[in-house]
Amino acid sequence: MHDNATEVTAAGIARLAGVGRAAVSNWRRRHADFPKPVGGTETSPSFALAEVEAWLRKQGKLAEVPLRERVWQQLAGHPEGPLPALVHTGCVLLLIHERPTVWLDASAGSDARLAAILSGALDQVLIPRLGGPAGPAGRAGRGARGAGGEPGPGGAGAKGADAGGVNAGDGAGDVNTGGDAEGVNEAAHAGAVNAGALTEGVNPGARAGRVNPALTSPAVNTSPTPSPVNSPPTVHTAQPVHAAPATSTPQTTPTPQATPALRTPTGPQLLLSAPLLRGAAELAAEMGARQAFEFLLGRHLDANPRQYTLTPAELAGLMADLAGPARTVLDPACGTGALLRAVATRPDQELYAQDSAPELAAISALRLALHSRATVRAAAGDTLRADAYPGLRADVVLCHPPFNERNWGHDELAYDSRWEYGFPARTESELAWVQHALARLTDGGTAVLLMPPAAASRRSGRRIRADLLRRGALRAVVALPVGAAPPYNIPLHLWVLRRPDRAPATPEVLLVDTGRFAGEGRGGPDWEAVREAVTDAWGAFTRAGHLAERPGLARSVPVIDLLDDDVDLAPARHLPPAAVADGAEQLTRVRERLGATLRLTADLTPPPADPSPAARWPLTTIGELARGGALVMRTGGNGGHARVPVLTDHDVLAGTAPSGTLPESEEEAVLTEPGDVVVPVLGGGSVARVIDEATGGAVLGRNLVLLRPDRTALDPWFLAGFLRGTANNRQASSYASTATRLDVRRLQLPRLPLEEQRRYGDRFRALDEFERALRHASRLGGQLVRGMYDGLTDGTVAPD
């Protein structure tokens, strides 16, 4: 079933038809019956998806829209926006995952019937998995605000006494609380997570100060009096998404409150999403509910890379490894839930999440609920100002906090009890997050935080760093390679902390520098080497409390040696350089290899070109050859089921081995084969690479097009050589934006007999070998120059 309200951009049309955006522009100019824009702007119009599908099918350019593409376009073009649509979809996929028969019953009939039944059906799953009210008493009087934060048509009373939401409080915006009725993990009146009305719960307080307290309990970071000390200003007190209006006494500034991450969508909201939800159900039947949600979330994140600061899966796995197994885990800045998703599952596990972006908190809750059977508790709100879990004592805290924030609450949180190691300066928001993490740990618990390198050396934070060292809270600082996480041009740090218990403070701190494992391409560092080096050093250090020096990589440093005027914790400043074993001999070997490569380059230098009259061949295009079956054309970007090296566009441009990674997905990856021709489509210029035996089997990365020629009709080297022509690339390129995009279908090559093709192919192959020799010589030359500078400056090489 299609949604006539769903809109699609020109880029989406190009994906549907498997062409470049330039082709869509040409269709609009050349075909009077091409669908007219229904939205967007003059420079970026949008079109009705149903009309586009019908036109493409009529033109023979599309037999049927693939299910995955159709569902994605419905989500991306949802009238309320992709994030509310993603939340609605996640709720339904969780229902399908947990209770498929309930979905089958609800979806049998019209969209209106589906929407009428679905809200109550979702409560059957969302309440047990994410906490919240169990009966009508806990739902009465709440505003009908959905995942997207927009009021429902019924206003505050749209859901009536029997409707409500997940993680909803008794009109007070409590996190994971009910009102007067008994519910899942709720107190009768106290509003505490995992606490019974009069029985012992997880981390319960006596009657106040519990996790996620109601507004009637003492507010976060305030005194018990109605007028709290250091109450925050009115900024950041706007009602978050999914929250009921907060109450405040006259002439007082309301204290920010954490709100539930997720409320059950209302019937009117679900009716608007009905076509999308039915499509998502079809997708779940094809690939599984969990995989369907990961696919849609991944597509959204890929389509909006500048809107989110993501934690790469490899880094999340490393942080989880350093923290170790745990029953209760907290991420106070959860984003899309990558860190909590990386935690090893175990029975009776509890995952706590909070994020200042309500939509991300909701997505994290759904993602985690789909991923494991753990109890999931998620809240939306500014963690430092409105902590949702003030009474929680977790075994592990994992956190990728926002960096360099000046407005983190410095003025209003001056007397907060979390600052056990010193009040952070306005410029030290990261040290506020460090202390928040320590405050939420049980004694002996471990926290792992991703930190900017400046936090290890800024003078404004030296007093707090010194106290963390003296009291044994800071256990390790790991310098990551450049490209490990955004911002990719900075080598970020991992801080491993442990809340001191009764055991004596550890007198040494582990320092690790993995900068040597930075990758040459944009595919990121060598994660396998990073993970092995870090976990091995950390394991040895935790067992013995000391680590023997590993030059250039790791060592444990006595705390007293770090307590100077700067308290600089940057590993590179305390690790000796990697031992230059036989430095002069190594440089001699590099010089010998460079000499051999230069001699080979001289032998491969092309002979003088003989002038000849310009040839006038009959031409064809890649698009025509693809339609005629002379070659197969594929685009990359999916990781597939298994971890396989990924050939990136940078690898193709630099002529290097596959260096990239892609997240695992249920979508089929495009695997390269020897003889394939790979072409970058973004800013690559005149580049085409023939896949050899060494590269065959790699996954095709993003922004690459693979051409697989029929060897009985096309010679691969002939194809690649003519695709590299400068004039050929110029006429097939689009300059509509700041980046040049290549429409591979428009690239031309002459119609020549196969024998003539092979004659040209032999010459192109020789040129490719010459080019690779030049690149290798350049790398060896750079290595020799760098080694000479290092050897001369560290005394391992004599000047004469």
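**Exercise 1. In this predicted model, determine the strand order of the open sheet of ten strands and name its edge strands.**

Solution. Reading across the sheet gives β4-β7-β6-β5-β8-β9-β11-β10-β12-β13. The pairing along this order is mixed. Next, look for strands that pair on one side only: these are β4 (259–260) and β13 (554–558), the edge strands.

**Exercise 2. In which sense do β5 and β8 pair, and over how many bridges?**

Solution. Take β5 as residues 328–331 and β8 as residues 394–399. They pair in the parallel sense, over two bridges. For L330, the bridge partner in β8 is V397.

**Exercise 3. Which strands does helix α13 touch where it packs on the sheet?**

Solution. Helix α13 covers residues 358–371 and touches β6 (350–355) and β7 (375–380). Comparing directions, α13 makes about 175 degrees with β7.

**Exercise 4. Describe how helices α5 and α10 are arranged, and the residues through which they meet.**

Solution. Two packed helices are described by the angle and the distance between their axes. For α5 (residues 82–98) and α10 (residues 289–303), the axes come within 9 Å and cross at roughly 170 degrees. Angles over 145 degrees count as roughly antiparallel, so α5 is roughly antiparallel to α10.

Then list the contacts. From α5 come P82, L83, L86, T89, G90, L93 and H97; from α10 come A289, R290, A292, F293, L296, L297 and H300. Sorted by class, this contact has nine nonpolar, four polar and one charged residues.

**Exercise 5. What percentage of the 800 residues of the protein chain count as buried?**

Solution. The cut-off is under 20% relative accessible area. By this criterion 52% of the residues are buried.

Definitions and conventions:
Residues numbered from 1 in each chain as written. Predicted model: local features only at pLDDT ≥ 70, side-chain atom pairs only at ≥ 80, totals over all residues. Heavy atoms only, no water. Axes fitted to C-alpha atoms, helices over the stretch in contact; angles between N-to-C directions. Helix = DSSP H or I, 4+ residues; strand = E, 2+ residues; numbered from the N terminus. Parallel < 35°, antiparallel > 145°, perpendicular 65-115°, else oblique. Contact = heavy atoms within 4.5 Å. Nonpolar A, V, L, I, M, F, W, Y, C, P; charged D, E, K, R; others polar. Pairing = 2+ DSSP bridges. Buried < 20%, exposed > 50% of the residue type's maximum accessible area, 1.4 Å probe, protein only.
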